[in-house]
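Thanks for sharing this one. Here are a few friendly notes on how some of the helices sit, to read alongside the model.

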Amino acid sequence: MVQYKLYYFDVRALGEAIRLCFHYAGEKFEDIRFTHEKWPAEKNKFFYGKVPVLEVDGKQLNQSGAILQYLSNKFGLAGKDDWEKAKVIEIFDFYKDVYTELSPYIYTKLGFREGDLNQLRKNVFLPGAERVFPLFVKLLAQSGSGFFVSSGLTYVDFVLSEYFDLIRSIEPEVIGKYKELITFTDKVHALPKLKNYLSTRKA
C-alpha cells in the first residue's frame with residue numbers, strides 16, 4: 001500500500017485542496033502540520049525550503065500544483081480526456097494569476113503583511129475582483145456541469161471553492177455579487193464524501 005504524507009502548516013491555504021483530494025478519494029494519508037514557530041527547525045528538510053510537500057513512499061514532491069496534478073491523476077480528478085485535463089490546468093494557472101494579483105490586499109487584511117489596507121482595497125482588490133470574478137462565472141456557465149469542466153468534479157474545483165470561501169470570509173459583499181460562485185462553493189462543500197472532514201476541520 002502506498003504511504004502518503006502531506007507536510008504543510010496548520011492552516012487551510014495552499015494545503016487544503018490537497019487534503020480535499022485525499023478525503024474525497026477516501027485515501028489514507030498522514031496530515032503533518034507545522035506551527036509557524038516550529039517551521040524554522042523543519043525548513044531544511046525540504047528541497048526548496050517550502051511547503052506543501054507530498055511524500056510518497058519516502059519520495060518528496062514539491063509545489064501545490066504538481067501535487068494536485070499527481071494526485072488527481074491517481075484519484076480520477078484530473079478531467080475525462082487530454083483536452084479537459086489541459087483546460088483544468090489552464091483554469092488552475094488562471095487562478096494562480098488571480099491569487100498573485102489580489103494577494104497584497106488579502107495578506108494585509110489577514111495580518112500577514114503590513115500595508116495601507118484602504119489603498120490596497122481600492123487600487124488592487126476591488127478593480128481586480130471586478131475583472132476576474134466575472135470570468136470565473138463565465139467558465140462555470142461554459143462547463144454546464146455546476147463545476148469548472150463539463151465532465152464534473154476535478155481538483156480545480158477544490159482549489160477554487162477554497163479560494164472563494166476565503167474571499168467570502170473577508171469580503172462577503174464583493175463576492176456576494178457573483179451568486180454563481182457562492183452556489184458553486186456551497187455545492188463543493190456539500191459533497192457527501194467530504195462531509196465528515198468538513199464538519200470537523202478548523203474554520
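**Notes on two helices**

1. Let me start with a helix pair in this predicted model. The axes of H3 and H4 cross at roughly 155° and come within 12 Å of each other. Since angles over 145 degrees count as roughly antiparallel, that makes H3 roughly antiparallel to H4. The crossing of H3 past H4 is right-handed.

2. The residues that meet here are easy to pick out. From H3 come Ser64, Gly65, Leu68, Gln69 and Asn73, and they contact Lys85, Ile89 and Phe92 of H4.

3. H3 itself has the length one would hope for. Its 12 residues, 64–75, should span 16 Å at 1.5 Å a residue, and the end C-alpha atoms are 16 Å apart, so the two agree. After H3 comes Gly76, with a positive phi near 75°.

4. Which residues of H3 are buried? They are Ser64, Gly65, Ile67, Leu68, Leu71, Ser72 and Phe75. Viewed down the axis of H3, these fall within an arc of 155°, so they line one face of the helix. Their cover includes helices H1, H4 and H6 as well as strands S1, S3 and S4.

5. H8 (residues 179–189) deserves a look too. Leu181, Ile182, Phe184, Thr185, Val188 and His189 are its buried residues. Because they cover an arc of only 160° around the axis, they lie on the same side of H8. Lys179 and Thr183, on the other side, are exposed.

6. What do the buried residues of H8 pack against? Their partners are helices H5, H6, H7 and H9.

Notes
Residues numbered from 1 in each chain as written. Predicted model: local features only at pLDDT ≥ 70, side-chain atom pairs only at ≥ 80, totals over all residues. Heavy atoms only, no water. Helix = DSSP H or I, 4+ residues; strand = E, 2+ residues; numbered from the N terminus. Expected span 1.5 Å × (residues − 1). Buried < 20%, exposed > 50% of the residue type's maximum accessible area, 1.4 Å probe, protein only. Arc of directions from axis to C-beta. Contact = heavy atoms within 4.5 Å. Axes fitted to C-alpha atoms, helices over the stretch in contact; angles between N-to-C directions. Parallel < 35°, antiparallel > 145°, perpendicular 65-115°, else oblique. Left-handed = near helix turned anticlockwise from the far one by under 90°.
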